[in-house]
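Me: I am new to this structure and would like a close look at one part of it. Could you start with a pair of bridge partners and then show me what surrounds them?

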Amino acid sequence: MDRRFFLAILLTAVVVLTVPRLLPTPPRPPRATPTDTTAQVVQPVPRADSPAAAVTAPPPEAAPPVDSGSALPAGDTVTVATPLAEYRFATAGAKPLQVTLTDYASLSDTGRQVRLARESVPVLRLAVALRGDTIPLDAIAFDADTDGSSGVRFRGALPTGQQVTVGYQLGADSYVMMVSGQVEGAGGGQLLVTVPNGIRSEEADSLDDLRHLAYVLKPVNDEARSVPFGDLDTVRAQVETDGPYRWVATKNKYFVLGLLTDSTAQGFAGARLAPEPRARRDPARSAAATFSYPLPDDGGFRFEVYAGPQQYKRLNELGREFSNVNPYGGFFAGMIQPFATAVMRLLLWMHDALKLSYGWVLILFGIAVRVVLWPLNQTAMRTQLKLQALQPEMQEIQKKHKTDMQRQQQEIMALYKKHGMSPATPIMGCLPMLIPLPFLFALFFVFQNTIEFRGVSFWYLADISQKDPYYILPVVMAVSMFFLSWIGLRAAPANPQAKILAYMMPAVLFIVLRNMAAGLNLYYAVQNLAAIPQQWLIARERKKIAAKT
């Protein structure tokens, strides 16, 4: 998680826990003809001392730089198009070179569609670890047979004469490639699958995209976990040993390349994640990952490749908990992920059922959340009113018995009992504000990282997933928060700290949120505006209580 999120958590906690009375909780482009006709590929996988050496051997003293690629050996390319994507394969190495998502426009290069693999780096690279040797398929020229738009199959032979087949079956209405094949006489060996050194950035904010580069591993008997590129050691390779893995993936903010095994398969046995040598303070731009697939006695293999957007519906349809490929919340993922999933499902349902733009969905959602939280906020605010009413008597008791602490406690307990309260009342008054806290954190992640918002225009905004270019929504958010604070201070006892917070918090949150997604600022602004009636009613109650006393 980046520093902005930690700061946002801190500020949210201050708002929720410290001043709940003053600051209620805020709650497709035309297809283009591909022009890239020159395919390249990275250097072959180094030879190993044992079949599993590329994955299970101890990390080397220093990982080599990530290779940017070399010219493709003599051979041909094969292009297969489906309604959703265009796939380009190389006969040298029997590998997919590029996947172009024809329904998604690049936001960094106008007039072009999103491409997943970086220049000179194939989508997948295959090798066979057998009898103490690692044989890369890159140097082997395969014969290719195509089957219209449904896929392609390659046939070739290893230098040892063993026959190899690799097939890619493409889904007509999905981003899934079914990869299957056989290596003759390779039973007991491993198929080594190397993924790109990072998903290509097609976003206007490429630096933000870099922060989301990560590998995600899903052990068969454990939850999915993310390994950000920035968390990899800058020198040593990282060998993962908690497999087998039901699926593995590499991703950026909005797109993902995942390798998934069938529910009855053993899964990928291990993973070797190599860093990009860099200065520790430099952002991690690339890495290298190789995953091992144990070959059964007949040398056959079969797994799926999902190469596409992180759309919740599509990921969820694949099962195997692949919808958690983008685990929200970092260290708190176990707590926040269920709430994030619930929020996503609700937003998608509202969009489909109401047939509204996601901008309007966010507005309606913000109002609905404020209505749902109304009773909790009302309870917390009224508890604060009761406690404020007790303050004069409480101060009098403390002053009168300042030298007799036991008597002071007895008098305070009697005061609480007289007004139908207990010493736990202040804590219980904050509890209603704590209950929705995981939900509010989930909203932060969903609004910041949901591809369904990418490219969606609303009002003057060209894209609600990007920052507001004119800072109108951040200003509205900050001004509405200040107005809420101002209403909360009316008829309230003099409190210099509360007054300082009333002026500082809106400014601080404006600075923190101004460069975040416009959809996030839209939601918070709506939350603040929807909270004004409740805050105004509470202020009236406070004024009446003050008049009686």
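Reply: Happy to help! A good place to begin is Asp143, whose bridge partner in strand 10 is Arg155. Please keep in mind that this is a predicted model.

That pair belongs to a wider pattern. Strand 9, covering residues 143-146, pairs with strand 10, covering residues 151-157, through four bridges, and the sense is antiparallel. Strand 10 also pairs with strand 11 (residues 163-170): these two run antiparallel as well, joined by seven bridges. You can pick out one example by finding Val152, whose bridge partner in strand 11 is Tyr168. Strands 10 and 11 make a hairpin, with five residues between them. Look in the turn for Gly161, which has a positive phi of about 95°.

With that part in view, here is how the rest of the chain is laid out. The protein chain has 549 residues, and 54% of them count as buried. You will find 12 helices and 21 strands in it. The chain exposes about 24,800 Å², with 57% of that supplied by carbon and sulfur atoms.

Next, let us turn to charged side chains. The structure holds 15 salt bridges. In one of them, the side chains of Asp109 and Arg112 meet, with N to O at 3.0 Å. Asp109 counts as partly exposed because its relative accessibility is 35%, whereas Arg112 is buried, with a relative accessible area of 16%. Another salt bridge joins Glu202 to Arg200, where the closest N and O atoms are 3.1 Å apart. Both of those residues, Glu202 and Arg200, are buried.

Arg225 and Glu240 also form a salt bridge, and their closest N and O atoms are 2.5 Å apart. This pair links distant parts of the chain: Arg225 sits in strand 15 (residues 225-228) and Glu240 in strand 16 (residues 238-240), 15 residues apart. Arg225 has 27% relative accessibility, so it counts as partly exposed. Glu240 has 9%, so it counts as buried. Some salt bridges share partners, and in this way Asp109, Arg112, Arg115, Glu119, Arg200 and Glu202 are joined into one network.

Now for the helices, starting with helix 6, which takes in residues 358-400. Its 43 residues, at 1.5 Å a residue, should span 63 Å, and the end C-alpha atoms are 60 Å apart, so the two values agree. Helix 6 has a kink of about 50° at Trp374, shortly before the proline Pro375.

Finally, have a look at a nonpolar patch on the surface. Its members are Phe482, Phe483, Trp486, Ile500, Tyr503 and Met504, and together they have about 620 Å² of accessible area. Helix 10 (472-489) and helix 11 (496-513) are the elements that give two or more residues to this patch. Trp486 lies in helix 10, and with a relative accessible area of 45% this residue is partly exposed. A general point may help as you look along such elements: an α-helix has 3.6 residues a turn, so residues three or four places apart point the same way.

If you want to retrace the tour, go back to Asp143 and its partner Arg155 in strand 10, then follow strand 10 into the hairpin it forms with strand 11.

Note on methods:
Residues numbered from 1 in each chain as written. Predicted model: local features only at pLDDT ≥ 70, side-chain atom pairs only at ≥ 80, totals over all residues. Heavy atoms only, no water. Salt bridge = Lys/Arg side-chain N within 4 Å of Asp/Glu carboxyl O. Buried < 20%, exposed > 50% of the residue type's maximum accessible area, 1.4 Å probe, protein only. Pairing = 2+ DSSP bridges. Patch = residues over 30% accessible without salt bridge, like charges linked within 9 Å, V, L, I, M, F, W, Y side chains within 5 Å. Areas by Shrake-Rupley, 256 points an atom, 1.4 Å probe, with all protein chains shown as cover. Expected span 1.5 Å × (residues − 1). Bend = angle between axes of the 7 residues up to and from the residue.
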